[in-house]
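Here is a friendly walk through one protein model, meant to be read with the structure open beside you. Let us take a few of its parts in turn.

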Amino acid sequence: MNLADMLTYADIGQLTAIAGRYRCECKQNSKHDLIQSILIMLGSRSFMESHIRECTPEDLRFLNTLLFDERSYFSLEDLLAVARQASFDAPEGKTGGFREMVSRFKSGGWLFSGSSQQTRYLFQVPKDLKERFRETMSAHIKDKVAVSSEPAMYRNEGELLLSDLVMLLRYIKENEPELNQEGAMYRRYQQGVMNALHIPEDLLSKGGWRFGYGRACEHYPPRLALLYDYVRHRRWITEEGFRLRLTATGEAVLADGKCDSLMQIFSFWLKLYKGAVPNLPSLVYWVSISAGNWVSVPSLVDGIGWLIKPFYYDNAASILEQRIIRMMVHLGMLKLGETTAGLTVMMTPWGMEIAVPKHL
């Protein structure tokens, strides 16, 4: 439902609170007057711009999460969890006000109780406010991102990830690699895989922390880890008896020479990284909005990094650069180049096509 519909169902207490919040001039005892004055205020172009300008980072992260959530309704517990997640860098002593944050958005006309018996204790966000927030937020983020000159040379991996998926299956079929006690291929086999792939990576060095980005990230570099986790998820490989072999399904896929689509691997990647980067779909979207032309990677960190919660030893910059941008390059969504000013990226047509979540 849109804002006008939700205002109609709202009780006069909430309408009065919203009108008071924005200092609307109207008859406080007239529901019709309250609704009309609120619609005029919240419908003005300047409202959303000033609202985003005046919001704290945690408030914007709260709205950002609600914008990209596929659910139509939220329980109070859902909203408190979103508020808690959005407040990761709030000053000490301020983090306990999660209920106050939810109340503030209710009195601000962002959250309304459901209109039916089944949804009366749930909350929803007006659809048209979501759309206007997304449009204004796009301009807000793009203002911080610097357009770059086109690099003399750039890297576009296209569909090489799909080709290397087949190459990985072929290598496993032909070599049946041995696995160590931790369930990882011995390094000689890992190097053999790298020699077979179109896009090789450096093998991991010993030491360091590695978790949160799929099971295989403990043992293999990011691109290979994604491929390995994917074929394991699809049950195309088996790890029984300290040997890596193809299953009957894996054999059939290899014999056919065709595997799944990049879209399926992209969807899998979003789920795989969800634990470490819960708002990954929104970050992919904001990268796509910002990088329609060549833009510098450091400025992307400035424009989007504040939306990212650090994950253990990964700070916002390393998450955006290494875990998101680099993987979007591997997925064929971004082209990567370098100029005298540093790394620069630009979305591919395929990347632009899939970066927008279907429910938006």
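A residue counts as exposed when its relative accessible area is over 50%, as buried when that value is under 20%, and as partly exposed in between. With that cut-off in hand, Tyr312 is exposed, because its relative accessible area is 61%. Please keep in mind that this is a predicted model.

**Overall picture**

The protein contains 17 helices and eight strands. Its C-alpha trace spans about 80 × 50 × 40 Å along the principal axes. Of the 360 residues in the protein, 51% are buried. Contacts that reach far along the chain are well represented: among those between residues at least 6 apart in sequence, 64% join residues at least 24 apart.

**The four-stranded sheet**

In which order do the strands of the open four-stranded sheet follow one another? The order is 3-7-8-6, and the pairing is antiparallel. Strand 3 (154-155) and strand 6 (295-296) form the edges, each pairing on one side only.

Start from the edge at strand 3, which pairs with strand 7 (residues 334-339) in the antiparallel sense over two bridges. Here Tyr154 stands opposite Gly337 of strand 7, while Arg155 faces Leu336 of strand 7. Helix 16 packs on the sheet and touches strand 3, strand 7 and strand 8 (342-347). The direction of helix 16 makes about 115 degrees with that of strand 7.

Is strand 7 mostly covered or mostly uncovered? Mostly covered: five of its six residues are buried. Strand 7 also runs antiparallel to strand 8, and six bridges join the two. In this pair, Leu334 stands opposite Met347 of strand 8. A hairpin takes the chain from strand 7 to strand 8 through two residues.

**Helix 16 and Arg323**

Helix 16 covers residues 316-330, and Arg323 is part of it. Which side chain makes a polar contact with that of Arg323? The partner is Asp314, at 2.9 Å. Leaving out residues up to four places away in sequence, Arg323 touches Tyr213, Trp269, Tyr273, Asp314 and Ser318. One of these, Trp269, belongs to helix 13, and that helix is the next stop.

**Helix 13 against helix 14**

Helix 13 (residues 262-272) and helix 14 (residues 280-290) have axes that come within 9 Å and cross at roughly 125 degrees. That angle makes helix 13 oblique to helix 14. Where the two helices meet, Phe266, Trp269 and Leu270 of helix 13 contact Leu280, Pro281 and Val284 of helix 14. By class, this contact has six nonpolar residues, no polar residues and no charged residues.

**Two loop residues with positive phi**

Phe242 and Tyr312 each deserve a look at the backbone. Phi of Phe242 is near 55 degrees, a positive value in a residue other than glycine. Tyr312 is not a glycine either, and its phi is positive at about 50 degrees. Their settings are given in the table.

| Residue | Phi | Loop | Relative accessible area |
|---|---|---|---|
| Phe242 | near 55 degrees | between strand 4 (237-238) and strand 5 (245-246) | 44%, partly exposed |
| Tyr312 | about 50 degrees | between helix 15 (297-304) and helix 16 | 61%, exposed |

Which residues does Phe242 contact, leaving aside its neighbours within four places in sequence? They are Pro177, Glu178, Leu179, Asn180 and Gln181. For Gln181, the C-alpha atom is separated from that of Phe242 by 7.8 Å, although the two residues are 61 apart along the chain. Phe242 is partly exposed, because its relative accessible area of 44% lies between the two cut-offs.

**A buried arginine in helix 5**

Our last stop is Arg61, which lies in helix 5 (residues 57-68). Is Arg61 buried or exposed? Arg61 is buried, since its relative accessible area is 4%, and the cut-off for buried is under 20%. Not counting residues up to four places away in sequence, Arg61 touches Ala86, Phe88, Asp89, Trp306 and Leu307.

Terms used. Residues are numbered from 1 along each chain as its sequence is written. This is a predicted model: local features need pLDDT of at least 70, side-chain atom pairs count only at pLDDT 80 or more; totals for chains, interfaces and linings use all residues. Side-chain values use heavy atoms; hydrogens and water are left out. Axes are lines fitted to C-alpha atoms, for helices over the stretch in contact, and angles run from 0 to 180 degrees between N-to-C directions. Angles under 35 degrees count as roughly parallel, over 145 as roughly antiparallel, 65 to 115 as roughly perpendicular and the rest as oblique. Contact means heavy atoms within 4.5 Å. Ala, Val, Leu, Ile, Met, Phe, Trp, Tyr, Cys and Pro count as nonpolar, Asp, Glu, Lys and Arg as charged, and the others, Gly among them, as polar. A polar contact is a pair of N or O atoms within 3.5 Å; within protein, one must be able to donate a hydrogen and the other to accept it, and residues adjacent in sequence count only if both atoms are side-chain atoms. Two strands pair if DSSP finds at least two bridges between them. Buried means under 20% relative accessible area, exposed over 50%, partly exposed in between (1.4 Å probe, protein chains only).
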